[in-house]
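Student: Could you take me through one part of this model at close range, and then follow its contacts outward? I would like one connected account.

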Amino acid sequence: MTKVGRMKLGSQGMEVSSQGLGCMSMSTGIYGPPKPEPDMIALIHHAIQSGVTFLDTSDVYGPHTNELLLGKAMKGEVREKAELATKFGARFREGKFEILGDPDYVREACEGSLKRLDINSIDLYYQHRIDTRLPIEVTIGELKKLVEEGKIKYIGLSEASPATIRRAHAVHPITAVQLEWSLWSRDVEEEIIPTCRELGIGIVAYSPLGRGFFSSGKKLVDNLHQDDYRKYSPRFQPENLQQNQTIFNKVNELAAKKGCTPSQLALAWLHHQGNDVCPIPGTTKLENFNENIGALSVKLTQEELTEIESLADIVKGDRYAESNSTWEYSDTPPLSSWNAAK
């Protein structure tokens with residue numbers, strides 16, 4: 001089996017496995033029904049034994065059930081071998097999706113995650129989505145207090161704009177920014193990636209396989225559960241899917257030449273973007289996990305990278321049906337407005 005190395009994430013001393021594991025689909029209904037808990041705990045333990053120790057969750061996954069799952073999986077000495085990342089700031093209440101970042105909520109959310117995960121300190125705590133109603137400095141100020149209290153070790157942001165990242169980093173060093181980055185989601189390369197690198201912030205790439213698209217192309221859609229949200233995702237709609245299939249066909253063709261799978265090629269491309277990038281592909285299947293870590297053994301030449309990257313221009317459809325949950329809409333009011341309102 002492929003050896004999974006270690007990497008520095010950010011500039012504050014955090015170290016994680018060079019590939020992580022997204023745990024969302026294990027116990028939420030987003031990608032179909034939750035999976036049997038014993039099987040998912042066994043998968044998490046297998047991941048850690050394989051060297052994939054960077055585990056990603058959020059309080060909104062379930063909600064709460066994914067953190068509870070990880071809490072059960074982390075009993076005993078297993079906890080010492082893993083780096084746990086969770087998130088706050090997004091919740092469903094009375095059928096509505098809310099984004100919150102006020103200090104009282106930040107603290108309440110952190111205490112809830114600590115209890116569900118059954119740990120004393122969260123390794124990496126992300127703001128899952130940016131609350132655009134209040135200055136980012138206010139949210140980060142409370143997170144800074146939680147660091148000082150030892151309840152969290154490192155601070156992260158998810159889907160944040162360059163301006164938001166800079167302002168947050170000025171209050172307390174940001175260790176990682178989580179963002180969607182893959183062969184068909186490359187909009188972050190223009191400003192966000194350079195901003196992170198200028199500031200010494202690690203990059204965590206979620207949905208690195210295009211929400212599973214690079215595993216099997218449009219065949220994936222034929223096998224989706226009726227409750228799978230990807231059925232309603234713009235890029236999986238018939239009017240976009242046929243064109244997007246041409247991307248998969250090309251990736252599949254290049255993968256065949258390399259003697260790897262299309263998923264491995266898509267992940268290998270991300271690993272070649274820099275030693276500050278940690279992809280976190282999610283899965284609920286042991287065979288898919290083993291396949292994913294095989295990507296670490298795939299070496300690509302500059303010519304091959306250029307050929308792969310030429311595919312991005314033909315992607316059709318938005319990332320989300322509701323685009324206001326992306327980094328493009330994450331700027332916040334100036335701190336002076338908050339102080340003036342007090």
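Tutor: Happy to! Let us start at the hairpin that β1 and β2 form, with 4 residues between the two strands; in its turn, Gly 10 has a positive phi of about 75 degrees. Before going on, a word on the source: this is a predicted model, in which local features need pLDDT of at least 70 and side-chain atom pairs count only at pLDDT 80 or more, while totals for chains, interfaces and linings use all residues. Residues are numbered from 1 along each chain as its sequence is written, and side-chain values use heavy atoms, with hydrogens and water left out.

Back to the hairpin. Strand β2 covers residues 14-17 and runs antiparallel to β1, with 4 bridges joining them (strands are DSSP E runs of at least two residues and helices H or I runs of at least four, numbered from the N terminus; two strands pair if DSSP finds at least two bridges between them). Within this pairing, Arg 6 stands opposite Ser 17 in β2.

Arg 6 is a good residue to follow. Its side chain forms a salt bridge with Glu 15, the closest N and O atoms being 3.3 Å apart (a salt bridge is a side-chain nitrogen of Lys or Arg within 4 Å of a carboxyl oxygen of Asp or Glu). Arg 6 also meets Glu 83 in a salt bridge, at 3.1 Å from N to O. That second pair links distant parts of the chain, since Glu 83 is in strand β5 (residues 83-88) and Arg 6 in strand β1 (residues 6-9), 77 residues apart. How do the three residues differ in exposure? Arg 6 is partly exposed at 41% relative accessibility and Glu 15 is partly exposed at 34%, whereas Glu 83 is buried at 10% (buried means under 20% relative accessible area, exposed over 50%, partly exposed in between, with a 1.4 Å probe and protein chains only).

By the salt-bridge rule the count comes to 28. Another of these bridges joins Glu 149 and Arg 107, at 2.9 Å from N to O. Here Glu 149 lies in the loop between α5 (136-148) and β9 (152-158), and Arg 107 in helix α4 (residues 103-117), 42 residues apart. Through shared partners, Arg 107, Glu 111, Glu 142, Lys 145, Glu 149 and Lys 151 are joined into one network.

Now for the nonpolar side. The largest nonpolar core has 86 residues, and Ile 44, Leu 55, Met 74, Leu 143, Leu 157 and Trp 181 have the most contacts inside it (such a core is a set of buried Ala, Val, Leu, Ile, Met, Phe, Trp, Tyr and Cys residues joined through side-chain atoms within 4.5 Å). A second, separate core of 15 residues brings us back to the hairpin strand β2 (residues 14-17), as this core includes Met 14, along with Ala 85, Ala 176 and Cys 278.

Finally, the rings: there are 10 aromatic pairs (rings of Phe, Tyr and Trp, the last by its six-membered ring, pair if their centres lie within 6.5 Å; planes under 30 degrees apart count as stacked, over 60 as edge-to-face and the rest as tilted). One of them is the stacked pair of Trp 184 and Phe 213, 4.6 Å centre to centre with 15 degrees between the planes. Trp 184 lies in the loop between β10 and α7 and Phe 213 in helix α8 (residues 213-216), so the pair ties together parts that are 29 residues apart in sequence. Both Trp 184 and Phe 213 are buried.
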